[in-house]
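Here are my notes on this one, as numbered points. Have the model open while you read.

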Amino acid sequence: MSPPAAESYLTDGRTVWSWLTTHDHKRIGVMFLGLTLFFFLVGGVFALALRIELLTPGRTLMGHLAYNRMFTLHGVTMVWLFMIPAIPSAFGNFLVPLMIGARDVAFPRLNLASVYLYVLGASVALWGMFEGGADTGWTFYTPYSTTTGTAVLPVLMGVFIIGFSTILTGLNFIATVHTLRAPGLTWMKLPLFVWAIYGTSIIQVLATPVLGMVLLLVALERVVGAGIFDPARGGDPLLFQHLFWFYSHPAVYIMVLPSMGVISEAVCAFSRKNAFSYRMIVYSTLGIAFVGFFTWGHHMFASGQSTFGSGAFGAMSMLVAIFTAIKIFSWLGTLYRGSIALESPLLYTLGFMFFLFFGGMIGVAYSTTSLNLHWHDTYSVVAHFHFIMVGATVMAFLAALHYWFPKMSGRCFPAKLANGAAVLIIFGFIATFVPQFLLGNLGMPRRYADYPPHFQSLHVASTAGASLLAFGFLAIAGYLAWSLRYGAVAGANPWGSEGFEWRSASPPPTHNFSTPPEYPTGPHEYASEEVPHAA
Amino acid sequence: MNELLRRLFFLPEQGSTFAVKVDHLHYVLLLTTLAVGAGIGAVGLVFLVRYRRRTASDPTPRVLAPTWLEALFIGVPLSLFLLWFVLGFKQFVWVMSPPQDALDVYVTGKQWMWKFTYPGGPSAIDTLVVPAGRPVRLLLTSRDVIHSFYVPDFRMKRDAIPGRYTDLWFEAPKPGRHQVLCAEYCGLDHSQMRGEVVVLPHSDFEAWQDAQRRNLPVAAEPMAVRGERIAAAQGCLQCHTVTGAPHIGPTWLGLYGRQEPLEGGGAVLADEAYLTESMMDPLAKVVAGYAPVMPGYHGRLSAEDSGALVEFIKSLRPTRPGVTAAEEPVYVPTGR
């Protein structure tokens, strides 16, 4: 319906330079999407190498040092170069202004700077990888990280720089949502994805500086022997863990909250229903952003922190699960009496809900202090956080990629292929990570380059699942690349969605709207007043 | 039933009294999760089939969750989680409070091995021999980086941290062998840092200890004796007396297990953790009435040496009927 005169953001300036100097939030979002996809590939290749090494006990593919470096780089790449920026920086940048009827984010230049900071940080970290890489694990626990001879410093510094990119992005979203909402778009009319990005941004702005600080302290300790974490100088090795998890536990919600926003959008769009409990989803988003800061001690039940402290952290951690349960019930309720279309984004959404449920419930099991003593630092934990990070965040990322692909590119993708790939990914995921839960129950510790032989059969199952996952991702990359060029032209709103972002053309023009959008109703409203309640 | 569920969930053998207790909670949580998950899956599946899209423009009603339903969604999981929390925390407190009659063994983690030292003398690498049916308390520390002492069969792990003691206790009811793993990433050969707990019947354990003492006369020097030697060599006794007389520092006589008032208020129980902290970081908690003048000994005392000093201090108790030397220490549970 949009006038043909408006040029799409993709065709407004076709030179590389016009992309590198753009202030357009959509181009910045697309650049982030490309970058994060690249690092997802890098991290995925590391993951496959790790799985192959673990196929048999003893040496399969690489020695212990190579293995230790590889799982460190897998973690660093996936956490900081993929998970944390993937949905907020890529989809958030693209969609938030479109959803709130703004022409751009509040600080477009700062937004561009966050891309450059990300690239700079990623380059420094990559340089560290070529220097041999760190072998500390992505958690950099002292005193190991301050004493090992590997290239810890460049990796630390890379992550430190990327932290600024995260902070700037979060700051930008907070300012944007506060100041640039279109007239009539009140807080309680904000799309749930915008709420999710807003909650995420609060965590990013409050928690990331702590990460920056603690990484600097480790660097100081390594370079000049500052003695902050070294008991020989009156320091405390556990202080590092407190500071690190004060950032890194909320960081889990930097990864999960945006994906919950994606799911809230997709559930409404593909069941053509209003959100079953909009208020509860909003409050639980803010609740997770708040309570997430009081749970870090659940990483340290076995460390020798006080017994009472462990109990308090355990109880607080369970509150996060309550907030998550509210969301799951609300999504399920949204399907009730809907008109459900099993398109690929909804398939990922269903996978997401199931994996989030199991991952979250196992999280509750770990917060139960006595049970944690067995599971802590085993493969069970590996499976748990992969359920949350792959089962939830990657599923949501794929749902977002498919749901908004027509919006971003103006093209459709082959639906049957996409559905097939989604089923493959979901089964591959189950086959990869369910055996890891059982491995953890059996007592297999994390970060083992080698293992006693009685763990082998489950490792074989897990590696087989990982190869299914790899095929699934390859298929997606194949047909999406094909669709960019040869896919059917999408039109403004191919899904028939009531999401606010679909009110502009696909792909949107440079300044988003040819006419200013109006917001007479709340988000995700499909039923007009006339529709009878009894179907 | 226990055996069936244990195999179903791939949990290893139940090698300790704690494992038997905690596994029941394992089953409750996992079974509830599976049941609720199946319920949610079934509801979702019914919705998918019943409400599948038939035409491109099916009308849908506007449905909002009634408040009572929202309250139910919050209340049911909340009460379930609180119940689990209470049950779990009771077990946690139990397993964090060693009983008074436990046998103490000092454990030192080091890249990449476990060293076990018995207060009475013998020590061993990677093999911990304990008697069946008697509580054993492990006093853990590390020579280099953080390790974690993990026995899957005991359902228990605890970090070993340089410069301080943490503890862990268990009671293995039956003779047998249990694998020890390191659960905290500690560098190159982290995955090879394995050991074994060998549980012997009580009489066999006594015989083993006697044999150890006979065969290894040098290593069999009791830790308390060694501690006395180290105290003299390190100059500890220039400030601390063993006679009860206060000097530059508090006397060591009867120090162990005493509540010490602290400079600036509060008090601290002088247990292994506090004694070690005071050697490594003396100014952290200074006993009231003493000047903060003691130098730190981290790096100057090995883990074995600090353990030996603790044992020496433990052996210095005012003569009381019925209490003898440090062979089988009696101590106040830390109550943490």
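1. How many residues does each of chain B and chain A bring to the contact? Chain B puts in 83 residues and chain A 96 residues, counting heavy atoms within 4.5 Å as contact. Bear in mind that this is a predicted model, where local features need pLDDT of at least 70, side-chain atom pairs count only at pLDDT 80 or more, and totals for chains, interfaces and linings use all residues. Residues are numbered from 1 along each chain as its sequence is written, chains are lettered from A in the order in which they are written, and side-chain values use heavy atoms, with hydrogens and water left out.

2. On area: about 7,800 Å² is buried between chain B and chain A, with 67% of it on carbon and sulfur atoms. (Buried area is the accessible area, 1.4 Å probe, that two parts lose on being put together, summed over both.) On the chain B side, B:Arg53, B:Arg62 and B:Tyr185 supply 10% of what that chain buries against chain A, more than any other three residues.

3. Polar side of things: there are 3 salt bridges between the chains, meaning a side-chain nitrogen of Lys or Arg within 4 Å of a carboxyl oxygen of Asp or Glu. B:Arg164 forms a salt bridge with A:Asp236, with the closest N and O atoms 2.9 Å apart. The face of chain B that touches chain A divides into 49 nonpolar, 18 polar and 16 charged residues; Gly counts as polar here.

4. B:Arg164 turns up again in the second largest pocket, which holds about 640 Å³ of space. Among its 26 lining residues, the closest to the centre are A:Gly304, B:Arg164, B:Ala273, B:Glu277 and B:Lys285. (A pocket is an open set of points on a 1 Å grid over the protein atoms alone, with protein on both sides within 12 Å along at least five of seven lines; lining residues have an atom within 4 Å of a point.) The largest share of that lining, 4 residues, is from α6(B).

5. Now the cavities, sets of points where a 1.4 Å probe fits but cannot get out. The largest has a volume of about 730 Å³, and of its 38 lining residues, A:His249, A:His298, A:His299, A:His384 and A:Phe385 are the closest to its centre. α8(A) gives the most to this lining, with 8 residues.

6. The second largest cavity has about 70 Å³ of space. Residues of both chains line this cavity, including A:Tyr141, A:Arg447, B:Glu184 and B:Tyr185.

Methods. Grid points are joined across faces, edges and corners, and a volume is the space filled by probe spheres set on the points. Helices (H or I, at least four residues) and strands (E, at least two) are DSSP runs, numbered from the N terminus.
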